[in-house]
Amino acid sequence: MSSSLQEQNQEQNQEQNQEHKGDVKEDMKLEDKQNQSEERKAEKWEENNKEEPKESWKDCIYNPRTGEFIGRTASSWGLILLFYLVFYGFLAGMFSLTMWVMLQTLDDNVPRYQDRVANPGLVIRPHAAEISFNRSDPMNYNQYIQNLHELLQRYNDTIQERNDLCLVGEYTEQDEEPIKKVCQFKRSMLSQCSGLRDSSFGFAEGKPCIIIKMNRVIGLKPQGDPYINCTAKRASPLRMQFYPSDARLDKMFFPYYGNKAHADYVQPLVAVQLLLSREDLNVEQTVECKLEGTNLRNDDDRDKFMGRVVFRVKVSE
């Protein structure tokens, strides 16, 4: 009996020892797993908290790590450039198309709309609303003389003799002619105010010449018998002499066909010489010239240059 009890006790002890060894092995395995997981967590934490290299200002231009140039990759730059190429190409094409359509409606010789210039204005030369000079000092009026000589260069007789002799008092209509002829207006027709007989145009004597012309209007055919009339705005009349003597703007110089078709066209001129007396010197004279004898307007208060012109002259000794 005693021997059997001893055997049982030994067996129980062996079983307990084996169970204890098994528990120890499991505990060691658990500790190993925990240690490995903790090591992995530490490695991840170190990776996450590792300091990133600092970017320099050069990386804003080109970043070698990402391959970006000024903040964009090569493919991004290619796409945006393609977009703008297509976009601006479309705009350029649309603009060219609209310009082409508009140009098809224009005439090279005649403006499409000219209703606002049906009534021409008058202008004077020398080109100054106030003419003031000392007749004893040529330097005072030399600029005015030069202005008149420049205007009359195209009216030199040698140049005008190449142009045609047109019918006086008749319109020179040539709608069907591709090249328009030009009617003669010779400089010598202005006589004392031509600058041929007196190169100072009367300024040296204190009796200045003022040349008046009408603005060009394409297709204009003034009715009646247009002429220029000038009056001084003062109580007593001011002596004046007109050249040509009748101060007419003859119909043969109308209509005008535009600068392209009528390249050598010259406007008819009227010169008025102010015959100032000694009493008129050192006094400002206001003169108004109007286009008369025609259907063209000269009395529009909103436009003081429509069919008329006002200028002031003061001559001192």
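In the predicted model, Ser194 is located in the loop that connects helix H5 (157-160) with strand E5 (209-214). The residue has a relative accessible area of 2% and is therefore classed as buried, the limit being under 20%. A polar contact of 2.7 Å links the side chain of Ser194 to the backbone oxygen of Ser191. With residues up to four places away in sequence left aside, Ser194 is in contact with Leu152, Arg187, Ser188 and Phe201.

Ser191, the acceptor side of this pair, belongs to the loop between H5 and E5. Its backbone has a positive phi of about 50 degrees, although Ser191 is not a glycine. Most residues other than glycine have a negative phi, and most peptide bonds are trans. Ser191 is buried, with a relative accessible area of 17%.

Further backbone features of this kind are found in the loop between E7 and E8. Ala247, placed in that loop, has a phi near 55 degrees, a positive value in a residue other than glycine. The relative accessibility of Ala247 is 4%, so the residue counts as buried. Pro244 is part of the loop between E7 and E8, and the peptide bond that leads from Tyr243 to Pro244 is cis, with omega near -10 degrees. A cis peptide bond is also present from Phe254 to Pro255, here with omega near 0 degrees; Pro255 again lies in the loop between E7 and E8.

At the level of the whole protein, the secondary structure consists of five helices and 10 strands. Of the 317 residues, 33% count as buried. The accessible surface amounts to about 21600 Å², with 50% of this area belonging to carbon and sulfur atoms. Among contacts with a separation of 6 or more, 72% are between residues 24 or more positions apart.

One open sheet is formed by four strands in the order E3-E5-E8-E7, with antiparallel pairing. Strand E3 (122-125) and strand E7 (240-243) are the edge strands; each has a single partner strand, so one side of each is left without a neighbour in the sheet. From one strand to the next, the twist averages 25 degrees. E7 is joined to strand E8 (residues 269-274) by four bridges in the antiparallel sense, and Gln241 stands opposite Gln273 in E8. Helix H4 packs on this sheet through contacts with E3, E5 and E8, and the direction of H4 makes about 40 degrees with that of E5.

A second group of four strands forms an open sheet in the order E4-E10-E9-E6, and its pairing is mixed. The edges are occupied by strand E4 (130-134) and E6; as each of them has a single partner strand, one side of each is left without a neighbour in the sheet. Neighbouring strands of this sheet are turned against each other by 25 degrees on average, direction ignored. Strands of a sheet pair through backbone hydrogen bonds, either parallel or antiparallel. The parallel sense is represented by E4 and E10, which are joined by five bridges; the bridge partner of Glu130 in E10 is Arg312. E9 (residues 285-292) and E10 (residues 308-316) run antiparallel and are joined by six bridges. Strand E6 (residues 227-232) likewise runs antiparallel to E9, with six bridges between them. Lys290 of E9 takes part in both pairings: Asn229 stands opposite Lys290, and Arg308 in E10 is the bridge partner of Lys290.

The largest nonpolar core comprises 57 residues, of which Phe203, Ile228, Cys230 and Leu274 touch the most other members. Helix H4 (residues 138-152) supplies the largest share of this core, namely six residues. Which residues does Ile228 touch, not counting those up to four places away in sequence? The contacts of Ile228 are with Leu122, Ile212, Phe242, Ala247, Leu249, Val270, Cys289, Lys290 and Leu291. Ala247, listed here as a contact of Ile228, is the loop residue described above with a positive phi near 55 degrees, and Lys290, also in contact with Ile228, is the residue of E9 that stands opposite Asn229.

Key. Residues are numbered from 1 along each chain as its sequence is written. This is a predicted model: local features need pLDDT of at least 70, side-chain atom pairs count only at pLDDT 80 or more; totals for chains, interfaces and linings use all residues. Side-chain values use heavy atoms; hydrogens and water are left out. A nonpolar core is a set of buried Ala, Val, Leu, Ile, Met, Phe, Trp, Tyr and Cys residues joined through side-chain atoms within 4.5 Å. Buried means under 20% relative accessible area, exposed over 50%, partly exposed in between (1.4 Å probe, protein chains only). Helices (H or I, at least four residues) and strands (E, at least two) are DSSP runs, numbered from the N terminus. Contact means heavy atoms within 4.5 Å. Accessible areas come from the Shrake-Rupley method with a 1.4 Å probe; for residues, only the protein chains shown count as cover. A polar contact is a pair of N or O atoms within 3.5 Å; within protein, one must be able to donate a hydrogen and the other to accept it, and residues adjacent in sequence count only if both atoms are side-chain atoms. Two strands pair if DSSP finds at least two bridges between them. Axes are lines fitted to C-alpha atoms, for helices over the stretch in contact, and angles run from 0 to 180 degrees between N-to-C directions.
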